[in-house]
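Please consider the following model. The account after it leads through its helices and their packing.

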Amino acid sequence: MKKLERLALEKSSQELAGFTHGVLFGLHTLGVYYNLRRGRPKSALVHATIAVYDAMALYYHSKYLSKDDLVERLREAGM
């Protein structure tokens, strides 16, 4: 597999992973709200903890896809 094809595949994987973590973050924040309304603070805390993890993972994936990072990877691939 050529470097450019590998780079395109990696970019697609990072986009999908970022989207997935973004959706999970949103769902877990809804879980926090729902459980607080129902009077279940322990469940809300679990959802909040997982939402923080998803937010950090989303940040990592979006950082990977930043413009400067992509330009550097294209240079490495010989473009």
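**Helices and their packing**

In helix H2, the buried residues (under 20% relative accessible area with a 1.4 Å probe, protein chains only; over 50% is exposed, in between partly exposed) are Ala44, Ala51, Asp54, Ala57, His61 and Tyr64. The model is predicted, with local features requiring pLDDT of at least 70 and side-chain atom pairs pLDDT 80 or more, while totals for chains, interfaces and linings use all residues. Residues are numbered from 1 along each chain as its sequence is written, and side-chain values use heavy atoms, without hydrogens and water.

Helices are DSSP runs (H or I, at least four residues), numbered from the N terminus. The expected span of a helix is 1.5 Å times one less than its number of residues. For the 24 residues of H2 this gives 34 Å, in agreement with the 35 Å between its end C-alpha atoms. H1 has 35 residues and should therefore span 51 Å, which agrees with end C-alpha atoms 51 Å apart. Just after H1, Gly39 adopts a positive phi of about 80°.

The axes of H1 (residues 3-37) and H2 (residues 41-64) come within 8 Å and cross at roughly 160°; these axes are lines fitted to C-alpha atoms over the stretch in contact, with angles from 0 to 180 degrees between N-to-C directions. The two helices are therefore roughly antiparallel (an angle over 145 degrees).

Among the buried residues of H1 are Gln14, His21 and His28. His21 counts as buried because its relative accessibility is 15%. Beyond residues up to four places away in sequence, His21 touches Tyr53, Asp54, Ala57, Leu58 and His61 (heavy atoms within 4.5 Å).

How values were computed: Parallel < 35°, antiparallel > 145°, perpendicular 65-115°, else oblique.
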